[in-house]
Amino acid sequence: MEVIDAIYGRRSIRSYKNENVPEEVIKKAIDCGIHAPSAGNLQPWEFVIVRDKEIKRKLYKASYSQYHVLEAPVLIVICADIMRSAYYGSRGMNLYALQDTAAATQNILLSLYSMGYGTCWVGAFNERMVREILNLPKDIRPVAIITVGKGNERPKKRELRALDEVIHYEKFS
Ligand SMILES: Cc1cc2nc3c(=O)[nH]c(=O)nc-3n(C[C@H](O)[C@H](O)[C@H](O)COP(=O)(O)O)c2cc1C
């Protein structure tokens with residue numbers, strides 16, 4: 001699949017079939033994730049793959065009972081190792097580390113879409129709870145939970161802001 005088709009075709013999927021996602025698929029997606037750009041090539045990402053029902057249940061609670069977190073056969077929790085970006089001071093730790101992991105997240109979403117899987121980027125969760133559930137060290141910040149599975153819905157068309165509303169020429173207008 002062309003990248004451009006994946007960009008146009010990908011949607012957030014919040015309902016999944018009860019079908020396994022092979023480990024090779026998840027590994028391939030994470031390999032696409034680690035090919036994302038990162039500030040200074042510092043690669044401040046870590047990935048926790050969750051298939052265990054009990055851990056998923058806890059993450060479901062931590063993400064304000066969003067049902068797709070429980071239902072998805074696999075979760076990928078993308079974390080930022082903040083200290084890896086400390087070379088760039090507070091900008092590195094507070095901005096680049098998060099931008100880098102967001103870029104990796106998008107690569108993962110697009111690659112899974114191109115392999116025929118549905119995903120949803122879940123950012124609404126209680127960070128303290130997720131840290132505790134996954135046993136994350138102090139400097140490892142959970143940034144996103146990606147739910148992964150064979151999709152069981154076709155989302156309705158969503159409204160996008162018009163190009164001429166978001167593009168500015170030469171100066172912000
Ligand atoms: C930073 C971020 C946080 C998000 N958090 C959630 C979330 O907690 N739960 C959820 O169901 N979707 C979440 N989403 C998905 C958005 O709702 C979704 O991308 C948006 O509505 C556009 O729809 P689309 O992904 O189908 O294009 C999040 C997306 C981003 C980028």
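This is a short talk on a predicted model, covering the ligand site, the strands behind it, the salt bridges and two further residues.

Let me start with the ligand. The shell around it is made up of R10, R11, S12, R14, Q66, H68, C120, W121, V122, G123, A124 and R158, and by character these residues divide into 4 nonpolar, 4 polar and 4 charged. If we ask which element gives the most to this shell, it is strand β3, residues 118-122, with 3 residues.

The polar contacts deserve a closer look, and I will take them in sequence order. In R10, an N or O atom of the side chain is 2.9 Å from an oxygen atom of the ligand. For R11, the distance from a polar side-chain atom to a ligand oxygen is 2.8 Å, and for S12 the corresponding separation, again from a polar side-chain atom to an oxygen of the ligand, is 2.6 Å. Taken on its own, the ligand has 620 Å² of accessible area, and the protein covers 60% of that.

From the ligand I would like to move to the strands. How enclosed is β3, the strand that gives the most residues to the shell? In β3, 4 of the 5 residues are buried, so the strand is largely enclosed by the rest of the structure. Its partner here is strand β4, residues 140-149, to which β3 is joined by 5 bridges, with the two strands running antiparallel. Two of the pairings can be picked out on the screen: G118 has G149 of β4 as its bridge partner, and C120 stands opposite T147, also in β4. C120, I would remind you, is also one of the residues around the ligand, so that with this residue we can go from the ligand shell to a defined position in the strand pairing.

Strand β4 also pairs with β2, residues 74-81, and this pairing is likewise antiparallel, over 8 bridges. Within it, V77 stands opposite I145 of β4. As for its surroundings, β4 is mostly covered, 9 of its 10 residues being buried. For anyone following individual side chains along these strands, it may help to recall that in a regular strand the side chains alternate between the two faces of the sheet.

Now to the charged pairs. The structure holds 7 salt bridges, and I will go through three of them.

In one of these, the side chains of R51 and E23 meet with an N to O distance of 2.9 Å. This pair links distant parts of the chain, since R51 sits in the loop between β1 (45-50) and α3 (53-62), whereas E23 belongs to helix α2, residues 23-33, the two being 28 residues apart. Are these partners buried, exposed or something in between? R51 is partly exposed, at a relative accessible area of 30%, and E23, also at 30%, is partly exposed as well.

Another salt bridge brings together R131 and E127, here with 3.8 Å from N to O. Both residues lie in helix α6, residues 127-134, at a spacing of 4 residues, or about one turn of the helix. R131 counts as partly exposed at 22% relative accessibility, and E127 is partly exposed too, with 25%. This pair does not stand alone, for E127, R131 and R141 are linked in a network of salt bridges.

The third pair I chose is R161 with E165, whose closest N and O atoms are 2.9 Å apart. In this case the two partners fall into separate classes of accessibility, R161 being exposed at 60% and E165 partly exposed at 43%.

Finally, two individual residues. S63 lies in the loop between α3 and α4 (67-71), and with a relative accessibility of 0% it counts as buried. What does the side chain of S63 reach? It reaches the backbone oxygen of L59, at 2.6 Å.

The other residue is L134, which is found in helix α6, the helix that also holds R131 and E127. At 14% relative accessibility L134 counts as buried, a value that falls under the 20% limit for that class. Its C-alpha atom is separated by 26 Å from that of R91, a residue 43 positions away along the chain.

Technical notes
Residues are numbered from 1 along each chain as its sequence is written. This is a predicted model: local features need pLDDT of at least 70, side-chain atom pairs count only at pLDDT 80 or more; totals for chains, interfaces and linings use all residues. Side-chain values use heavy atoms; hydrogens and water are left out. A residue is near a molecule or strand if one of its heavy atoms lies within 4 Å of it. A polar contact is a pair of N or O atoms within 3.5 Å; within protein, one must be able to donate a hydrogen and the other to accept it, and residues adjacent in sequence count only if both atoms are side-chain atoms. Accessible areas come from the Shrake-Rupley method with a 1.4 Å probe; for residues, only the protein chains shown count as cover. Ala, Val, Leu, Ile, Met, Phe, Trp, Tyr, Cys and Pro count as nonpolar, Asp, Glu, Lys and Arg as charged, and the others, Gly among them, as polar. A salt bridge is a side-chain nitrogen of Lys or Arg within 4 Å of a carboxyl oxygen of Asp or Glu. Buried means under 20% relative accessible area, exposed over 50%, partly exposed in between (1.4 Å probe, protein chains only). Two strands pair if DSSP finds at least two bridges between them.
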